[in-house]
Amino acid sequence: MSISSPLPGSFLARFQEIIQQSQRIAVIAHFRPDGDALGSIVAMGELLRTRFQREAVLLNRDAVPANLAFIPGVDRIKLTEGVSVDQFDTIVILDCGDLKRLGPLGFEFIQAREQRPLLVNIDHHETNTIHGDLNCVLPEECSTSAILYYMFHDLGVTISPSARDALYIGISTDTGSFQYERTTPEVMEMGAELLRLGVHVQDVNRKLYQEVSKKKLLLTREVLNGMQFSAHGQIASFLLRQAVKERLGVTEEDTDGLIDILRSAEGVVLAAFLEEITDRIRVSLRSKNPAISVSKIAESFGGGGHAMAAGIQMKCTADEALSQIHHALEQALAVNLPSA
């Protein structure tokens, strides 16, 4: 089947114009990068190199997580510490709904709106704040990597081996290994083409989904032993306290994906994973019912994300955060699923 591109021609024309006029280009995605963020960074770097002969600087606030360090090309990603916006003509921001999610560099953008590089904003989060000089925000797409896949095709660019793997990993991870709602026939066809181009699917999937650190296994045991159910089993939650993290010696990246344990429980509609960090509480939310958008819940706390997956950073005690989140989830159930 042929895949119909959703990219506006006006976006592609302006994108090419901006890149052709730029000599110093950076590519960046949200902090705590996941597979889609990293895949997008690498793929965009390859697109700029092969189509425009531009060697972009690849950036992120945080180091590449150990479980994703196998992605070809992520070794080129540099930390933003010591980097200033005035070093670049253009910055391509990927998979980032809000400039604040870039870290300090994002705040520099906000504070220097008059003299700064051109910002190109490419994303699929429905809560995107449309913060670019040029924006391509497509909330119906499964991932930012999928948007870049269309860019390769629409611009007639051959997908290099590193871009191929990066795009596949971005699409796979943001669809839950091709399981979530936005896994459309077009998404499956993207995966199929990337496989035809040479993705070693068994090797990639083993590294993505079948290898877990011992620390994460110990942390999984904590989640299984400590998860709480409420609202007649429709809400599952877990609060990871700092003391437990210190006892197990886990890092923030060890907690990634643990909310899926809560989400997977039979009868659960909404899941919340709260993590106590030194100066804040990080909250991950998931919904299993399209009638309840956790992005709307997250927005009410200053967060954002997707209808089925969203996140929040809260400045309060862990117990206060847990109480507020529980109340919001219970309200969402009562309003959207009153007869459940």
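Contact here means heavy atoms within 4.5 Å. With that in hand, let's walk through this predicted model.

Q: Which residues is Glu275 in contact with, leaving aside its neighbours within four places in sequence?
A: Start from where the residue sits: Glu275 is in strand S9, residues 270-277. With sequence neighbours within four places set aside, its contacts are Leu240, Lys245, Glu252, Thr255, Arg280, Ile281 and Arg282.

Q: Is Glu275 buried or exposed?
A: Buried means under 20% relative accessible area. Glu275 has 0% relative accessibility, so it counts as buried.

Q: With which side chains does the side chain of Glu275 make polar contacts, including one of 2.7 Å?
A: One polar contact, of 3.1 Å, joins the Glu275 side chain to that of Thr255. The contact of 2.7 Å links the side chain of Glu275 to the side chain of Arg282.

Q: What is the strand order of the open sheet of six strands?
A: Strands of a sheet pair through backbone hydrogen bonds, either parallel or antiparallel. In this sheet the pairing is mixed. Strand S7 (228-230) and strand S11 (304-305) each have a single partner strand, so they stand at the edges. Reading across, the order is S7-S8-S9-S10-S12-S11.

Q: Which residue in S10 is the bridge partner of Ala271?
A: S9 and strand S10 (residues 280-287) run antiparallel and are joined by eight bridges. For Ala271, the partner in S10 is Arg286.

Q: What angle does the direction of helix H12 make with that of S8?
A: Two helices can be described against this sheet. Helix H8 (residues 214-226) lies across S7, strand S8 (235-240) and S9, and runs at about 130° to S8. Helix H12 (residues 318-336) packs on the sheet too, touching S7, S8, S9, S10 and strand S12 (309-314). The direction of H12 makes an angle with that of S8 of about 165°.

Q: Which helix gives the most to the largest nonpolar core?
A: In soluble globular proteins, nonpolar side chains tend to be buried together. The largest such core here has 55 residues, and Phe11, Phe15, Val27, Met44, Leu48, Ile122 and Met151 have the most contacts inside it. A second, separate core of 24 residues includes Ile281, Ile297, Ala310 and Ala328. With nine residues, the top contributor to the largest core is helix H2 (residues 35-52).

Q: Which cysteine does Ile122 touch, not counting residues up to four places away in sequence?
A: The residues Ile122 touches include Phe11, Met44, Val92, Leu148 and Met151. The cysteine in that list is Cys136.

Q: How far from Cys136 is the nearest cysteine sulfur?
A: Cys136 is buried, because its relative accessible area is 3%. A search of the whole structure finds zero disulfides. A disulfide would need two cysteine sulfur atoms within 2.5 Å. For Cys136 the nearest cysteine sulfur, that of Cys142, lies at 13 Å.

Q: What is the phi of Gln53?
A: Gln53 lies in the loop between H2 and strand S2 (57-60). Its relative accessibility is 58%, so Gln53 counts as exposed. Gln53 is a residue other than glycine, yet its phi is positive, near 55°.

Q: Is Ser177 buried, partly exposed or exposed?
A: Ser177 also has a positive phi, of about 60°, although it is not a glycine. Its place is in the loop between helix H5 (161-174) and helix H6 (185-196). With a relative accessibility of 26%, Ser177 counts as partly exposed.

Terms used. Residues are numbered from 1 along each chain as its sequence is written. This is a predicted model: local features need pLDDT of at least 70, side-chain atom pairs count only at pLDDT 80 or more; totals for chains, interfaces and linings use all residues. Side-chain values use heavy atoms; hydrogens and water are left out. A nonpolar core is a set of buried Ala, Val, Leu, Ile, Met, Phe, Trp, Tyr and Cys residues joined through side-chain atoms within 4.5 Å. Buried means under 20% relative accessible area, exposed over 50%, partly exposed in between (1.4 Å probe, protein chains only). Helices (H or I, at least four residues) and strands (E, at least two) are DSSP runs, numbered from the N terminus. A polar contact is a pair of N or O atoms within 3.5 Å; within protein, one must be able to donate a hydrogen and the other to accept it, and residues adjacent in sequence count only if both atoms are side-chain atoms. Two strands pair if DSSP finds at least two bridges between them. Axes are lines fitted to C-alpha atoms, for helices over the stretch in contact, and angles run from 0 to 180 degrees between N-to-C directions.
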